[in-house]
Amino acid sequence: MPTDAPPPARDPETPLERAIEAEICSGLPNEQKRLERDLRVLEYFNLEGHRHLPYEHECHRKTHPLTRRTIEILTSLTYSHPPTREILDDEESNALLTEVLKDNDADGLLDQADEMAMLLGLSAVYAAPTSDGLKPIKLYTYDGSQLATYADPDDVTRIAHVVVISRHDEQTRYDWWSKDFRRVYVTAKAQTGYRTSGGRTARFREDLSHSNVVGRLPFAFFHARRPTGEERCDGLGDWLANYNCSIDHTLYEQALAVRHFYLPRAWVQNAPADWQPTTSRDGEYMRLPESMVSTSSPSVTASVGFLQANLDIEQGVLNTESLIETALAGIGVPKSLYSLDSASFASGDAITAERQPLIDRTLKRRQLLNASETELAECILAVAGAWYGIAEYKKAGLGGVNLAVRWPSLQSESELAAQDSKDLEQGVSSLVDVVQRRYGLSPEEALAHLVRVKEDSAKLAALGISTTTAV
């Protein structure tokens with residue numbers, strides 16, 4: 001159970017803190033342009049981009065899944081092949097971390113954080129204490145549209161202040177976190193059809209605020225790219241959303257063209273003025289009068305026909321596909337993976353070549369994710385130590401942990417088997433090395449795995465079951 005309630009939050013003291021408070025109380029005006037852009041990107045990711053199309057014809061307002069599909073492909077290899085995590089030289093901290101990650105389905109949660117980081121440039125995982133003794137820490141994810149961040153003046157790449165933006169019951173709440181405090185600001189409740197000029201003004205809620213007993217931000221941050229000149233960078237979302245918008249407008253215009261011009265329109269020439277055409281019940285056949293001769297010009301015979309525009313629908317489809325291919329090529333997404341077209345693969349080598357840019361991107365991204373994983377481990381330990389009164393956990397969380405993050409290989413099964421056989425044959429790897437590399441295990445875990453395999457094989461042999469026989 002958490003310890004007693006922390007002391008009240010102190011007042012802002014530094015010029016940066018006073019500036020942040022003024023910004024919050026005004027409704028974050030300097031963040032509005034970015035927040036609006038992020039919300040637009042999320043609409044395309046959530047397949048709601050049709051809101052940005054004209055309203056004339058609702059049935060033709062559809063959004064293409066380009067943004068969502070592309071982000072899912074770019075992050076598809078990251079946590080679908082999750083790592084193993086181990087805090088070295090600290091069994092108790094390692095046991096707590098393993099328990100918390102398991103309780104919160106960490107791989108799925110971090111996969112979502114990775115997607116939002118790639119989309120919007122930044123996401124965060126927040127560790128909060130609970131009153132549940134069985135599950136002491138709850139993890140939450142926030143995307144960039146829910147975060148306003150402020151850098152440390154002495155290190156512009158480090159986030160020193162975080163404002164979490166949440167909206168509920170016609171109110172906006174700002175939770176401002178620093179290593180020293182959590183200050184909460186809430187706007188007045190908006191009324192339907194009526195809003196005052198100060199409707200965005202937020203007021204400090206002392207009853208919801210308190211000192212930050214953790215001694216650090218209870219967040220782990222995930223970035224699209226390693227921050228170098230500022231605390232956050234842009235993701236791919238805005239670029240993808242602009243492409244998505246262009247594709248949606250193209251598809252909308254094509255749908256309107258088909259609606260207006262694809263169906264033929266009947267016409268009649270030189271018919272009597274009093275002639276009223278009728279159709280059969282199914283609307284397919286027109287019943288004509290026995291004599292269709294113009295009364296003004298008896299020698300002129302009436303005629304009927306159909307008007308139909310010569311639409312090149314196939315060329316319109318090819319134009320849309322060209323836009324998509326250009327977008328995919330620009331960010332290294334294999335077209336075959338996007339369209340799930342396995343027929344385009346000529347051989348196993350072609351599959352490897354097709355996937356290689358995605359594999360290279362994932363391997364490169366793992367280096368950045370190692371830092372985020374370590375930050376999350378430290379965050380969990382610091383929160384648990386501070387709120388549950390366990391000094392060893394808090395010390396580990398604030399002093400840094402020696403976290404080993406082991407990612408499994410991204411090679412195909414055939415490639416792994418060939419490499420393993422070659423390494424064993426040439427004597428450059430032991431069987432322990434092979435198991436360690438194949439399953440992402442530590443040397444001790446790999447050795448234990450081999451011992452268990454040998455014991456299981458002996459048991460099967462005693463039952464007359466051959467371990468070399470295919471099941």
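# Exercises on helices, charges and turns

Helix H4 has a face turned away from its buried side, and this face carries the exposed residues Glu91, Glu92 and Lys102. Keep in mind as you work that this is a predicted model.

## Exercise 1: the two sides of H4

Task: Check the span of H4 against its number of residues, then find where its buried residues sit.

Solution.
- Step 1. H4 covers residues 91-103, which is 13 residues. At 1.5 Å a residue it should span 18 Å, and the C-alpha atoms at its ends are indeed 18 Å apart, so the two agree.
- Step 2. Next, list the residues of H4 that are buried: Ser93, Asn94, Leu96, Leu97, Val100 and Leu101.
- Step 3. Look down the helix axis. These buried residues fall within an arc of 160°, so they line one face of H4.
- Step 4. Move past the end of the helix. Asp105 follows H4 and has a positive phi, near 50°.

## Exercise 2: the buried face of H1

Task: Name the buried residues of H1 and find which strands they pack against.

Solution.
- Step 1. In H1 the buried residues are Glu17, Ile20, Glu23 and Ile24.
- Step 2. Viewed down the axis of H1, they lie within an arc of 120°, so they line one face of the helix.
- Step 3. Their packing partners are strand E4 (147-152), strand E5 (155-168), E6, E7 and strand E8 (202-204).
- Step 4. After H1 comes Gly27, with a positive phi near 85°.

## Exercise 3: salt bridges across the sequence

Task: Take the pairs Asp180 with Arg10 and Asp107 with Arg85, and work out which parts of the chain each one joins.

Solution.
- Step 1. Recall the idea: side chains of opposite charge can pair when their charged atoms come close. The cut-off for a salt bridge is a nitrogen-to-oxygen distance within 4 Å. The count for this model comes to 24 salt bridges.
- Step 2. In the pair of Asp180 and Arg10, the closest N and O atoms are 3.0 Å apart. Asp180 sits in the loop between strand E6 (171-177) and strand E7 (181-187), while Arg10 is in the segment before helix H1 (15-25), so the salt bridge ties together parts that are 170 residues apart in sequence.
- Step 3. Asp180 is partly exposed at a relative accessible area of 27%, and Arg10 is partly exposed at 24%. Both residues belong to a network of salt bridges that links Arg10, Glu13, Glu17, Lys179 and Asp180.
- Step 4. Now turn to Asp107 and Arg85, whose side chains meet in a salt bridge of 2.9 Å, N to O. This pair links distant parts of the chain, with Asp107 in helix H5 (residues 106-120) and Arg85 in strand E1 (residues 84-87), 22 residues apart.
- Step 5. Compare each partner with the 20% limit for buried residues. Asp107 has 24% relative accessibility and counts as partly exposed, whereas Arg85, at 17%, counts as buried.

## Exercise 4: a buried charge

Task: Decide what surrounds Glu231, a buried residue that has no salt bridge.

Solution.
- Step 1. Locate Glu231 in the loop between strand E10 (219-223) and helix H6 (237-262).
- Step 2. Look for a partner of opposite charge. The nearest such side chain is that of Arg232, 5.3 Å away, and a salt bridge requires a distance within 4 Å.
- Step 3. Look for another kind of partner. The side chains of Glu231 and Thr149 are joined by a polar contact of 3.1 Å.
- Step 4. Setting aside neighbours within four places in sequence, the residues in contact with Glu231 include Tyr150, Val156, Arg158 and His223.

## Exercise 5: residues in loops

Task: For Asp105, Asp169 and Lys135, give the loop and state how exposed each residue is.

Solution.
- Step 1. Asp105 lies in the loop between H4 and H5. Its phi of about 50° is positive although Asp105 is not a glycine. The residue is exposed, with a relative accessible area of 54%.
- Step 2. Asp169 is placed in the loop between E5 and E6. Its phi, near 55°, is again a positive value in a residue other than glycine. Asp169 is partly exposed at 43%.
- Step 3. Lys135 is in the loop between strand E2 (122-129) and strand E3 (137-143). At 43% relative accessibility, Lys135 counts as partly exposed.
- Step 4. Apart from residues up to four places away in sequence, Lys135 touches Asp103 and Thr130. Lys135 and Asp103 are 32 residues apart in sequence, with 6.5 Å between their C-alpha atoms.

Key:
Residues are numbered from 1 along each chain as its sequence is written. This is a predicted model: local features need pLDDT of at least 70, side-chain atom pairs count only at pLDDT 80 or more; totals for chains, interfaces and linings use all residues. Side-chain values use heavy atoms; hydrogens and water are left out. Helices (H or I, at least four residues) and strands (E, at least two) are DSSP runs, numbered from the N terminus. The expected span of a helix is 1.5 Å times one less than its number of residues. Buried means under 20% relative accessible area, exposed over 50%, partly exposed in between (1.4 Å probe, protein chains only). The arc is that of the directions from the helix axis to the C-beta atoms. Lys and Arg count as positive and Asp and Glu as negative; His and the chain ends are not counted. A polar contact is a pair of N or O atoms within 3.5 Å; within protein, one must be able to donate a hydrogen and the other to accept it, and residues adjacent in sequence count only if both atoms are side-chain atoms. Contact means heavy atoms within 4.5 Å.
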